[in-house]
Amino acid sequence: MHAAVPVSSLSLSAPVFEPAIAAAVCRHCGDACLDRPVVTEAGTFCCAGCESVFGLIAEHGLSAFYTCDINPGVSQRAASTRDPQRFAAFDDPAVAARFMVSRGDRAEVTLPVPAMHCASCLWLLEQLWRFHPGILRSEASLLRRTVSVEFRPEAISLRQLAEQLAALGYEPVVDQEPPGRTPLARRHLYLRIGFAGFAFGNVMLFSIPRYVNGAPLDPEFQTLFGWLNIAFSLPVLGFSAWPYFTSAWSALRARAITLDVPIALGLAVLFGRSLVEVVTRTGEGFFDSFAGLVFFLLIGKLFQQKAFDALSFDRTMKSFLPLSVRAGRGDDLRVTPIHELRPGDEMVLRPGEVVPADAVLVDASGAVDFAFVTGEQDPVNIERGSYIQAGGRVAGRAIRLTVARAVSTSRLAELWSHPVFSTPKPHWLTGLLTAFGRWFTFSAIALAALGAALWWPDGRKAAEVATAVLIIACPCAFTLAAPITLGTAMGVLGRAGFFLKNPETALDLSRVDELVFDKTGTLTLGAATAAVRHDEFTDEEWRWVRRLAAESVHPVSRAIAGAETPAGTVSDVDEIPGIGIEGLVDGHRVRLGKPATPASSAAELTAWATIDGGEPRLIRVEPADRPGIGDVVASLAKERAVQLLSGDRDASAASWRRLFGDRMQFNQAPEDKLATIRATQQTGRRVAMIGDGLNDAAALAAADVGIAVSDDTACLVPACDAVIRGDRLTRLPAFLDYAVRGRRVIVLCFTVSLIYNALGLGLALAGRLTPLATAILMPISSLTIVGLSAGLMRTRIGRVLA
């Protein structure tokens, strides 16, 4: 949330910053008032729609909107042509349920609003509660162009909320753009590039005679060409280059320095000096350099955006999280990857598993918590026929659902990385790069001033030197290195079955020097290969025990339950992590948990079960080690410290001693594992915790990197930083080496950028680089960093993807 500007200190008469080149501009959106403007006491507006929105904002005491940014409003000229019934579909409860999450008497919805474009838009959209008492809270994201609103449906419907946003000029987009259609922001960028390129070509045509002649032209021709150059350059200033000025102004108003500040300053110096020379007839100016500079800057921005688009595609379309559920048709349920689910399939989810797709409850009742979606941990009771949105987690007991919509794995990835579950962790290199970029910008401004002073009183040369310094000293390459490198690493690792919550996790992985392993379900395989001995139970009693075990996702419970869920009615289920589970099965009280005595064999796990309060009876589980896990641990131990923390008894200690030595601890409760992680970190070690995520949530959250192992469940652990498919755990050494490569690539890019800037600044201060040459070199430097970052991270990755 962004802090609001005090409304009491502002009024409708507050001054509004308007571009100097505009004649009569709209008080709301800043567009030119060319055709029948609306003139009122409050100001001049380009249309009745803008005047209406201005009045609505003023009526609710939010005139500060117009002082936060330059021309923050959105033009309403096309508002009268829009279909007034375009949001009528929201009146259908089934349609509304697809967009919003209901929590009792409240609901939350996230809507795309492409018209959001500046800090003022952000501020206004976070003041929606002032426009209607039914709106409780709103949060806008300028990066995603979305607004999330919490509201009371009985006070304001979803349709009314959408209409309220449209009335303010932020029309929510309900239907996504057709496939292949270029986004609006990208189309604007193409237009800006087109204008700048057209002007650059024509200005060069008028400048060539001067260059070929080798001396000033006749005064008449020089004056004519000078004014023609001004005419071609004005659209470049007012349209193509204008985003640099608005962005720089917004940053300065917020008392911040962004990369656009030195660029805007350089452009202003370049255009201003050229204008003075033409008007005073003291020179022809260098409008060719100005137009070429803007053209190549925009070309560089386009290539950068395309690079980030590729990373975004890797994140949303290729990162299929390794989650599985029991699903099928009728009684034929089997373990199914969630991306294979289809509408109409039935699935049985156990406590702790995430609902992977919008679904309808088949059972008479159940309980789901929507912590992933809303941050609220309290379970919500649901009844047969209830519509459940993807992201809810099953609470209480297992439930049967019918899939209503196809799975969106990108939606689950988004839920997993929701800020509610993010534990702030320092990322040393990213922080260093950000701080360096800010320092570098101040230094560039100082060097530009120094260069201008050294070349004075030759005003033209001083302007050229200052402009060249400001442009070539842009720290773009520094700030590109980390996101491109880490984003590429995130995409490659995702394809290999190792999914990171965010790109910075790759950097944290590269610095890990100690690995802590859980045993059951991590070093050993899960239910599919375990042998279970239950000699002390009758067939009927064993069915009851298996039916209760099917309610849990613990590896031992899954082994006991088997591949197929036995018949039986279960109720009153209660599970305590690390202790056991109990409940009523066909009217019998069944308890399942840890035994009072350890197993007799090192290769066995044991559990006890009681029925109707009787004597505990032992169940012996013989899990198999993951193939190759011994070689993996041995390989990791060559470069990093390793240790084992297990909640089981120490009967199997001898079999693991050859790998972990004395660095093994058994009978570890979740709080014991947490204490060990913190104690290890206090010695200066950077710890990665690898566990099944069920009883290790606290340890996973506390570790520098928490890695959850996923085997045939839909447990998406919010505390972890990464999820690894169980069958990819043997590739962990290759994944860690790849993360180390990423850190080295960042350092290499940093070094290359430093050398480039040192050479460029030296040449610029010596007066040997024109602004046009620097405009060409700057995007080349950025593209070099993009090529190095993405190229080095995408070559020789066979070992990672194997």
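Buried, in this talk, means under 20% relative accessible area. Keep that in mind for two phenylalanines. One more thing first: this is a predicted model.

So, the aromatics. F271 is buried, and F287 is buried too. Together they make an aromatic pair. The geometry is edge-to-face, with 75° between the planes and 5.7 Å from centre to centre. Where do F271 and F287 lie? F271 belongs to helix 8, residues 260–280. F287 belongs to helix 9, residues 287–317. The pair therefore ties together parts that are 16 residues apart in sequence.

There is a third ring here. F290 joins F271 and F287 in one aromatic cluster. Across the whole structure, the search finds 10 aromatic pairs, and F271 with F287 is one of them.

Another ring has a charge for company. That ring is F239. The charged end of R192 sits over it, 4.9 Å from the ring centre.

Now to the strands. We have an open sheet of three strands. The order is 12-11-14, and the pairing is antiparallel. Which strands are at the edges? Strand 12, residues 380–383, and strand 14, residues 393–395. Each of them pairs on one side only. On average, neighbouring strands of this sheet are turned by 45° against each other, direction ignored.

Look at strand 11, residues 365–369. How many bridges does strand 11 share with strand 14? Three, in the antiparallel sense. For a residue to click on, take A367: its bridge partner in strand 14 is A395.

That is the tour.

Definitions and conventions. Residues numbered from 1 in each chain as written. Predicted model: local features only at pLDDT ≥ 70, side-chain atom pairs only at ≥ 80, totals over all residues. Heavy atoms only, no water. Pairing = 2+ DSSP bridges. Helix = DSSP H or I, 4+ residues; strand = E, 2+ residues; numbered from the N terminus. Axes fitted to C-alpha atoms, helices over the stretch in contact; angles between N-to-C directions. Phe/Tyr/Trp six-rings, centres within 6.5 Å; stacked < 30°, edge-to-face > 60°. Buried < 20%, exposed > 50% of the residue type's maximum accessible area, 1.4 Å probe, protein only. Lys NZ or Arg CZ within 6 Å of the ring centre and 35° of its normal.
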